[in-house]
Amino acid sequence: MSVALRILDDGAWLSVNDQRRVSVSELWRVNAPGFCECELVDFLAEGFTEVTAADNEVAIETYGQCIRCGVSGVPGHLPVGAIIQGRYRDYDRENVVLSPVGRADQP
Ligand SMILES: [Zn+2]
């Protein structure tokens, strides 16, 4: 079963099977040591630029900023959910630490 992943509204939403599932302005804790000097990035998502799915994990390339120190940029593809038996399941994004994953189109 295939799942349709799409970014809508100039990067404001991730749509899964034509349902809006992930929006910008969520606050995520991200483990991305190269992004800024903070131990964990308090990352405010501001825009989605690309969505990938690898090994049933959905990841979004996300532009945003660390609200602790103000550095902004793209920390990588951030995993936001998983495809389980053909259905999309959100991760508990506000309560876990997200680690950027590799690009799906690169080994
Ligand atoms: Zn920071």
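For charge counting, Lys and Arg are positive and Asp and Glu are negative, with His and the chain ends left out; each charge sits at NZ of Lys, CZ of Arg, CG of Asp or CD of Glu.

Heads-up: this is a predicted model, where local features need pLDDT of at least 70, side-chain atom pairs count only at pLDDT 80 or more, and totals for chains, interfaces and linings use all residues. Residues are numbered from 1 along each chain as its sequence is written, and side-chain values use heavy atoms, without hydrogens and water.

**Exercise 1.** Work out the charge balance and find how many salt bridges there are (side-chain nitrogen of Lys or Arg within 4 Å of a carboxyl oxygen of Asp or Glu).

*Solution.*
- Start with the tally: 9 positive and 16 negative side chains, the centres of the two sets being 7 Å apart.
- Then search the whole structure, and seven salt bridges turn up.

**Exercise 2.** Trace the salt bridge between Arg20 and Asp9.

*Solution.*
- The N to O distance is 2.5 Å.
- Arg20 is in strand 3 (strands are DSSP E runs of at least two residues, numbered from the N terminus). Asp9 is in the loop between strands 1 and 2, so the pair ties together parts eleven residues apart in sequence.

**Exercise 3.** Which residues form salt bridges with Asp42?

*Solution.*
- One partner is Arg29, with the closest N and O atoms 3.7 Å apart.
- Asp42 lies in strand 5 and Arg29 in strand 4, so this pair joins parts 13 residues apart in sequence.
- Another is Arg68, at 2.6 Å, N to O.
- Asp42 is buried (under 20% relative accessible area, 1.4 Å probe, protein chains only) at 13%, whereas Arg68 is exposed (over 50%) at 54%.

Key:
Helices (H or I, at least four residues) and strands (E, at least two) are DSSP runs, numbered from the N terminus.
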